[in-house]
Amino acid sequence: MNTLTVDLGDRSYPITIERGGLRRAGTLLNLRRRVLLVTDSGVPPVYSETVAAACDNVFRTVIPQGEATKSLASAQGLWELMLDNGFSRGDCVVAVGGGMCGDLAGFAAACYMRGIAFYNIPTTLLSQVDSSIGGKTAVDLNGVKNIIGTFYQPHAVLIDPDVLETLPCRLRAEGMIEAVKMALVFDAELFDRLTEAQDPYADLDDVLSRVLALKQTVVEQDERDTGRRNLLNFGHTLGHGVESASRGALYHGECVGLGMLPMCSPSVRERLLRFLERLGAPVIWRGDTAAVWQAVLHDKKLSESGINAVFVDEPGRGYLRRIQPEELRSRLEGAWKS
Ligand code: GLY
């Protein structure tokens, strides 16, 4: 077991990384109150049932898997469930699922009675290494992702690596891509270790602890994402464009992998490319580059005055640089050449 603490004054919280931790949810979290337990249809039911068994007064709801569920209508459904069942300020919401589930449940918790306790139990590698930490909660509106939301830190995060046993390979790989992103931006030694390991998943608990410690520090330094936290967007500017152009065919982490390649120096790019290939992730976007560019242009952060993009010339030394749309476009057009 390893516990990290995100130090944000009166909004500080523990991140517990513990194999079998799910079965200790009743000890690690305060579940002796009304609990709204939110999971999604893609998560093996046994995980939320295990947590439910530790609660005295639980309302378990299974929301449909997929981004379409991350809506105000779904949030309203959760609020109504709480209201109809007499939830008060002292009660709590628990998410057991991936990023979509955590974002929605966290948003519902943030707004109900102006904020009730929220515990996040992420069940995908992607959400364990990234979205479960740092308090970004949101829903989508009119096709725009995460446009309605708030910073609302969880009251605790419980990470049980055992739940990854049931995770399909492709989902495991997309989580590993986010982990290598963190290493590329902040931790050269971790990048060496991941890229040189025979099996990058072999020492997963330790990798999780290291990546989470990196994210913890960044969140402590820039909770509201006005500076250093922007570095976590490495690979996302072009990656979001690919994600949108792929219309769901590629996973988020896979798109981030593709989006990082054009933003690296040639030597880093080569190492990253080999690593992505080993994970079985795509290294070439075979679709229409114009569609990616259109999607990038629609990204709310790109204006005529340019965009702050993240670059990595040397592992562990990610940096932000303002670039003009033309440079981004030429990187996009030169990208993914075999
Ligand atoms: N997932 C990026 C962030 O937490 O800022």
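User: How far from an oxygen atom of the ligand does a polar side-chain atom of Lys215 lie?

Analyst: The distance is 2.5 Å, from a polar side-chain atom of Lys215 to an oxygen atom of the ligand. A polar contact is a pair of N or O atoms within 3.5 Å, and that is the cut-off to keep in mind when reading such a number. Note also that this is a predicted model.

User: Which other side chains should I read in this way?

Analyst: Take Arg229 next: one of its polar side-chain atoms is 2.7 Å from an oxygen atom of the ligand. Asp130 contacts another element, with an N or O atom of its side chain 3.0 Å from a nitrogen atom of the ligand. As for cover, the ligand on its own has 200 Å² of accessible area, and the protein covers 87% of that.

User: Which residues surround the ligand, and how many of them are charged?

Analyst: Asp130, Lys136, Lys215, Arg229 and Leu232 surround the ligand. Sorted by class, four residues of this shell are charged, one is nonpolar and none is polar.

User: Now the strands. How should I read the two sides of a strand?

Analyst: The general idea is that side chains in a regular strand alternate between the two faces of the sheet. For a case, look at β5: Cys92, Val94 and Val96 point one way, while Val93, Ala95 and Gly97 point the other way.

User: Why is strand β5 said to be largely enclosed by the rest of the structure?

Analyst: A residue counts as buried when its relative accessible area is under 20%. Strand β5 covers residues 92–97, and six of its six residues are buried, so the rest of the structure largely encloses it. The burial applies to both sets of side chains, those pointing one way and those pointing the other.

User: Which strands pair with β5?

Analyst: Pairing is read from bridges and from the sense in which the strands run. Strand β3 (residues 34–40) pairs with β5 over five bridges, in the parallel sense. One of the matched positions is Leu36, whose bridge partner in β5 is Val93. β6 also pairs with β5 in the parallel sense, here over six bridges. Gly97 has Pro122 of β6 opposite it. Between these two strands the chain passes through α4, and the resulting β-α-β crossover is right-handed.

User: Where can I see strands that run antiparallel?

Analyst: Look at strand β1 (residues 2–6) and β2, which run antiparallel and are joined by five bridges. Thr3 has Thr16 as its bridge partner in β2. The two strands form a hairpin with six residues between them, and Gly9 there takes a positive phi near 60°. Strand β2 (residues 13–17) has four of its five residues buried, and is mostly covered. A parallel partner exists as well: three bridges join β2 to strand β9 (residues 156–159). In that pairing, Leu158 of β9 stands opposite Thr16.

User: Which other strands form a hairpin?

Analyst: β10 and β11 do, with five residues between them. Strand β10 (residues 307–312) and β11 run antiparallel over six bridges, and Val312 is matched with Gly318 in β11. In the turn, Gly316 has a positive phi of about 85°.

User: Where is Met113 found, and what is its phi?

Analyst: Met113 sits in the loop between α4 (99–111) and β6 (117–122). Its phi is near 50°, a positive value in a residue other than glycine. Asn142 gives a second case: it is not a glycine, yet has a positive phi of about 50°. Asn142 belongs to the loop between β7 (136–141) and β8 (144–151).

User: Is Asn142 buried or exposed?

Analyst: The cut-off for exposed is over 50% relative accessible area. Asn142 is exposed, because its relative accessible area is 75%. Met113 is partly exposed, because its value is 36%.

Terms used. Residues numbered from 1 in each chain as written. Predicted model: local features only at pLDDT ≥ 70, side-chain atom pairs only at ≥ 80, totals over all residues. Heavy atoms only, no water. Near = heavy atom within 4 Å. Polar contact = N/O pair within 3.5 Å; in protein donor to acceptor, adjacent residues only side chain to side chain. Areas by Shrake-Rupley, 256 points an atom, 1.4 Å probe, with all protein chains shown as cover. Nonpolar A, V, L, I, M, F, W, Y, C, P; charged D, E, K, R; others polar. Buried < 20%, exposed > 50% of the residue type's maximum accessible area, 1.4 Å probe, protein only. Pairing = 2+ DSSP bridges. Right-handed = clockwise from strand over helix to strand, strands pointing away.
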